[in-house]
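Student: I'd like to learn how to read strand pairing and backbone angles in a model. Can we go through one together?
Tutor: Sure, let's bring it up.

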Amino acid sequence: MPVNLTPNAIAAINGGDVNSKPLVQVMDIKLIGSTQERYRFLISDSVSTQHAMLATQLNDRVKSGRVKKGSVVQLIDYICSTVQNRKIIVVLNMETIILDCEPIGNPKMFTESESTTQKATPNSNIEHPVRVNNYNTPIRGSFNPQNPGTFNTQNPGSFSNQNPGSFTTSNSGTFRASNPSTFWAPNSGNNVQGFRPTVQPPYQPPPNYRNHGPILKNEAPARIIPIAALNPYQGRWAIKARVTAKGDLRRYNNARGDGKVFSFDLLDSDGGEIRVTCFNAVVDRFYDIIEVGRVYLISKGSLKPAQKNFNHLKNEWEIFLEATSTVDLCPEEDASIPRQQFSFRPISEIENAENNSILDVIGIVISVNPSVPILRKNGMETQRRILNLKDTSGKSVELTLWGDFCNKEGQKLQEMVDVGFFPVLAVKAGKVNDFNGKTIGTISSTQLFINPDFPEARDLREWFDQGGKNAATVSITREIMAGGSKNEIRKTVSQIKSEGLGRAEKPDWVTVRAFITFIKSDNFCYTACPLMIGDRQCNKKVTQAGNRWQCDRCNQEFDECDYRYLLQAQIQDQTGLTWVTAFQESGEEILGCPAKELYMLKYELQDDIRFGEIIRSRVFNQYLFRLKIKEELYGDEQRVKITVIKAEQLNYSSESRYLLDLISKSQRK
Amino acid sequence: MDTSNPAVFVNGELLHMHVGRRVRAVIQVIQSDNVGVTGKSTDGLQVVVKGILPSFALTNFVEVIGISDGDRSIRAEMWNNFGNTFDTDNYNQLCKLANGEFKHLFI
């Protein structure tokens with residue numbers, strides 16, 4: 001199939017074209033990038049070839065074989081940027097036109113010497129938008145309407161020097177008509193094919209100054225590009241975006257000293273999102289300027305790989321603002337930029353979501369628990385409030401609010417639910433937790449929206465009001481059993497053996513409802529070291545040396561030792577019988593008195609009757625046992641050791657509730 | 001246990017389904033005098049119990065076994081004290097199960 005590649009496409013792209021959507025051939029594909037997978041193409045227009053970086057969102061095209069070596073593709077969105085004096089084409093979007101194709105033509109590597117303009121459109125008078133710099137007034141804006149004369153009169157020669165042969169006197173007058181804020185000569189009025197003035201590359205390469213005078217930086221404002229097009233290979237860019245979230249000012253202290261940092265998240269009209277981070281002095285410049293919901297023009301800053309553990313935005317990069325960065329508020333509202341971007345997941349899908357993943361969810365708040373203080377691991381107290389969300393998927397989930405969310409949004413939600421109104425709640429960036437079934441928790445960058453005004457919320461409200469309210473929902477969060485541990489796994493005695501519990505690398509933790517049928521009444525306790533090691537008691541077995549006790553571990557002697565339970569007992573349920581071991585705390589729970597008291601009764605007072613009564617009063621009582629099951633090696637024999645971690649007298653009311661719940665669950669299946 | 005004349009677990013709402021049949025219900029005693037006992041069923045309805053009156057002091061919660069006399073009324077044959085605390089919600093669930101999907105499991 002004969003195919004014509006777009007002539008001079010590569011030269012045109014190098015010259016700044018972003019709009020001609022050329023057909024090119026992929027001559028080679030190479031995977032590069034150390035931290036981030038990136039593909040580099042060698043593209044050909046049948047005369048020249050050049051390297052082109054593929055935006056990572058297109059990686060899949062290569063991986064899935066939708067583009068390969070030899071493919072003829074149409075470049076749809078692309079830019080050309082200069083990296084270390086090399087021009088690199090960045091392909092943001094493209095379509096494969098012919099998947100397999102023989103090499104077309106005999107292209108050669110495109111070089112700067114073949115320079116941009118003449119070759120690109122050889123038939124036109126002005127091949128390229130001419131860059132104009134007024135050397136006397138170098139900064140932007142100096143080329144202003146009230147002083148147009150300077151342009152033509154003072155430095156007339158500079159035009160011809162810059163672009164010899166391409167610039168003629170006949171159209172020099174068009175410079176006056178040009179948009180003075182950019183240093184671009186217009187070309188639309190000159191029947192020049194090529195580039196629409198409205199679409200300009202983000203960065204125009206500086207002209208080759210061969211004349212005299214100081215070399216000047218390109219001070220033209222950078223073009224506004226989509227956030228999705230940002231990459232570290234671009235020198236100059238600007239983005240126009242709305243701040244969707246603003247983080248708190250945080251101070252840190254690490255090996256490199258003290259500092260402060262804050263970040264905010266941006267969203268643009270193309271739906272691209274990115275996080276911006278500022279450190280130290282830059283914080284002072286921008287912290288007060290940034291307001292959630294407002295639109296800003298942001299330029300200059302470095303792009304670094306996103307820190308995925310803190311940053312969950314769909315962007316592989318993060319912007320770091322620098323001293324030279326500019327952040328300008330756009331006073332007029334730009335309705336093309338959404339206020340927030342959500343990708344809501346149905347609750348039923350969260351059931352299978354990975355632990356710690358960050359996602360958006362929307363649901364009706366069906367219950368709100370009171371806020372409770374929680375002691376964090378670092379000793380600080382924080383607030384926690386649990387509420388339940390349900391949605392049209394027929395599932396509900398527990399949402400845990402932490403810290404400030406409990407009092408602000410949490411309080412508001414509680415007040416609504418208390419008066420019988422069930423609000424819609426949209427959660428932006430909640431974190432999935434699988435500790436207890438699946439739950440969602442807030443993190444610092446979470447945002448909550450109560451009764452938001454968008455279609456998903458309205459649909460949900462409608463569904464709820466028209467019957468969804470009474471629809472049965474299944475919670476993907478395991479409900480808390482009163483009296484039982486939150487994440488308990490119920491087993492019967494026979495299941496311990498039949499399911500081979502304890503054989504895995506980690507011990508199994510299960511809950512068993514059973515009766516105590518036998519308690520071994522001799523050697524129910526041991527003599528323990530009462531000394532403290534740090535904040536814990538030593539508890540090592542001590543031996544009697546004369547009248548005193550001696551601990552080998554502490555290497556000390558003392559008059560009195562402690563007595564701790566080491567209780568052997570049998571437990572039994574409707575399926576079977578097993579031996580268990582109970583240590584101090586659980587031993588006391590089973591026998592209802594301290595080991596020392598029981599020891600004194602039996603061995604000092606020798607009151608066997610009273611001792612027997614105590615033992616007998618405990619057998620044939622039903623308990624809820626929390627057991628730790630682990631196979632251990634005794635000599636060369638593997639034995640499954642079952643330890644009682646907790647023994648609770650059975651609470652019939654809560655156990656009945658558990659069983660009723662079990663019945664209703666088995667009915668649903 | 002006398003299986004020849006079983007008593008169905010009921011709450012207030014289920015009473016009318018077993019008119020003339022033997023039922024058992026746990027009620028929370030509201031008022032007790034020599035005419036009868038007024039109580040609250042486990043589903044929160046007011047139930048009047050007449051017939052054979054208890055010969056002992058009633059606790060907060062009592063089980064009454066007797067003949068359903070129609071809506072919200074039982075003719076008592078036997079009384080059992082069920083103590084001062086009782087999980088009415090669980091009992092109510094049991095009544096529903098015993099009259100619903102798992103009816104066949106109850107005599």
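Student: How many bridges join strand β28 of chain A to β29(A)?

Tutor: Keep in mind that this is a predicted model. Two strands count as paired if there are at least two bridges between them. Here, three bridges join β28 (residues 548-551) to β29(A), and the two strands run antiparallel.

Student: Which residue is the bridge partner of A:Trp549 in β29(A)?

Tutor: That's A:Phe558.

Student: What is the strand order of the open sheet?

Tutor: Three strands make up this open sheet of chain A, in the order β27-β28-β29, and the pairing is antiparallel. An edge strand pairs on one side only, and here the edges are β27 (543-545) and β29 (556-558) of chain A. On average, neighbouring strands in this sheet are turned by 40° against each other, ignoring direction.

Student: Now the backbone. What sign does phi usually have?

Tutor: Most residues other than glycine have a negative phi. A:Asn8 has a positive one, about 60°, although it is not a glycine.

Student: Where is A:Asn8 found in chain A?

Tutor: Look at the segment before α1 (9-14). A:Asn8 counts as partly exposed because its relative accessibility is 22%, and the partly exposed class runs from 20% to 50%.

Student: And what is phi of A:Asn280 near?

Tutor: Phi of A:Asn280 is near 45°, again a positive value in a residue other than glycine. A:Asn280 lies in helix α7 of chain A, which covers residues 280-286. With a relative accessible area of 32%, A:Asn280 is partly exposed.

Key
Residues numbered from 1 in each chain as written. Chains lettered and ligands numbered in written order. Predicted model: local features only at pLDDT ≥ 70, side-chain atom pairs only at ≥ 80, totals over all residues. Heavy atoms only, no water. Helix = DSSP H or I, 4+ residues; strand = E, 2+ residues; numbered from the N terminus. Buried < 20%, exposed > 50% of the residue type's maximum accessible area, 1.4 Å probe, protein only. Axes fitted to C-alpha atoms, helices over the stretch in contact; angles between N-to-C directions.
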